[in-house]
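Hello,

Here is the structure I promised to pass on to you. Please have a look at it first, and then read my notes below.

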Amino acid sequence: MTATAVAASPLDRLAAVLACPSCHGPLDGAYACVPCGVRGDRRGGQLRFGGFHEAETRDDPLNRMKETVKRRFGRVYPLAIQVVSPVLLRRFVRPFLAGFDLDRELVADLGCGTNRYDPRLLCVDGSPYANVDLVSDLRALPLGDATLDGLVSVAVLEHVPDPQAHVREMWRVLKPGGRLVCYVPFMQPFHASPYDYQRYTRPGMERLFADFEAVDVRTGAGPTSAMLWVVQEWLALLLSCGSSRLYRLLTPLMWLLSPLKLLDVLLARHPDAAVVASGFVVEARKA
């Protein structure tokens, strides 16, 4: 990629790899695929090919609250989650990204939310947050075959109805030799964003990414994180006395227990931590 391309915006870099999300054929200058009738919509520095409808993000009460906070506070939201969430994530993403020359190699964060790890990262999500470059259904990305050097997927697979389709898209858009890092939950309570469908064991992740090579599955968030999240929800249920409204008010207060997650600095390294881990990190490479 030339120096001119490096200086370009993420959306300008995206233009070189765009394709129809249905047939994967080329798009015209208006971001349209004439044979399929698919058309993208550019709004400022953001390109939209579908994504979530507003009503979908408002169905679940807790997700409705999260969406309000995300839209109001933007990039502050991921920082707050790092403080109160019983899941430690950034220590896996940053080292992974350090293995790329982001000025020359194109890496996408699928399901980025309001987070942006690096200004050169291509941010993709189903919701049109201000930091998102490409709004799209993650099961049908408007990207050509073998166009990306790397992929990041953090806490996304539990929220898509067909994770196999999502992983197949990862495989399709990665170049040969391209790498991915993916965080997935195991022992975690329900958390809609805007939906929540499944959980994964370590063998389950190895099977899901079986088409890749050099698949490394390890504990991403340990037993304390798993226990703490459940206890927080249990306390909110107990103290709410059967009131859904009081439960939703109490849940954020339970996050005061979150500093206990630091015990996982030790417990996550236990050889049997995977038995009750909060989640797993997968790193893999396309052959």
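**A charge over a ring**

Let me begin with one spot to look up: the charged end of Lys-286 sits over the ring of Trp-171, at 4.8 Å from the ring's centre. Please keep in mind while you browse that this is a predicted model.

Trp-171 has other partners too. Its ring and that of Phe-212 form an edge-to-face pair, because the planes stand at 85° and the centres are 5.3 Å apart. This pair joins distant parts of the chain: Trp-171 belongs to helix 6, while Phe-212 lies in the loop between helix 7 (202-208) and strand 10, and 41 residues separate the two. Phe-209 comes in as well, since ring pairs link Trp-171, Phe-209 and Phe-212 into a cluster. In total, the model has five aromatic pairs.

Are these two ring residues buried or exposed? Trp-171 counts as partly exposed because its relative accessibility is 28%. Phe-212, with a relative accessible area of 6%, falls under the 20% limit and is therefore buried.

**The overall build**

Stepping back, the protein has ten helices and eleven strands. It consists of 287 residues, of which 49% count as buried. Among contacts with a separation of 6 or more, 70% are between residues 24 or more positions apart.

Nine strands make up an open sheet with mixed pairing, and their order is 3-4-7-6-5-8-9-11-10. At its edges you will find strand 3 (41-43) and strand 10 (213-221), each of which pairs on one side only. On average, neighbouring strands in this sheet are turned by 20° against each other, ignoring direction.

Within the sheet, strand 8 (residues 148-154) and strand 9 (residues 174-185) are a parallel pair with six bridges. Leu-148 stands opposite Leu-174 of strand 9. Helix 6 (residues 163-173), the one that holds Trp-171, packs on the sheet and touches strand 5 (107-110), strand 8 and strand 9. The direction of helix 6 makes about 150° with that of strand 9.

**What lies inside**

Which residues touch the most other members of the largest nonpolar core? In this core of 44 residues, they are Leu-14, Leu-151, Leu-157, Leu-180, Met-205 and Phe-209. Strand 9 gives the most to the core, namely four residues.

Leu-157 is a good one to click on. Apart from neighbours within four places in sequence, its contacts include Pro-163, His-166 and Val-167, as well as Cys-182, Val-184, Met-205 and Phe-209. Phe-209 thus turns up again, having already appeared in the ring cluster with Trp-171 and Phe-212.

There is also a second, separate core, made of 15 residues, among them Leu-102, Val-154, Tyr-183 and Ala-221.

**A look at the edge strand**

Finally, try Thr-219, which is found in strand 10. Thr-219 counts as buried because its relative accessibility is 15%, under the 20% cut-off. Leaving out residues up to four places away in sequence, Thr-219 touches Phe-92, Ala-268, Ala-273, Ala-274, Ala-277, Gly-279 and Phe-280. The C-alpha atoms of Thr-219 and Val-281 are separated by 6.1 Å, although the two residues are 62 places apart along the chain.

Enjoy exploring, and write back whenever you like.

Best wishes

Technical notes: Residues are numbered from 1 along each chain as its sequence is written. This is a predicted model: local features need pLDDT of at least 70, side-chain atom pairs count only at pLDDT 80 or more; totals for chains, interfaces and linings use all residues. Side-chain values use heavy atoms; hydrogens and water are left out. Two strands pair if DSSP finds at least two bridges between them. Axes are lines fitted to C-alpha atoms, for helices over the stretch in contact, and angles run from 0 to 180 degrees between N-to-C directions. Contact means heavy atoms within 4.5 Å. Rings of Phe, Tyr and Trp (its six-membered ring) pair if their centres lie within 6.5 Å; planes under 30 degrees apart count as stacked, over 60 as edge-to-face and the rest as tilted. Buried means under 20% relative accessible area, exposed over 50%, partly exposed in between (1.4 Å probe, protein chains only). A charge sits over a ring if NZ of Lys or CZ of Arg is within 6 Å of the ring centre and within 35 degrees of the ring normal. A nonpolar core is a set of buried Ala, Val, Leu, Ile, Met, Phe, Trp, Tyr and Cys residues joined through side-chain atoms within 4.5 Å.
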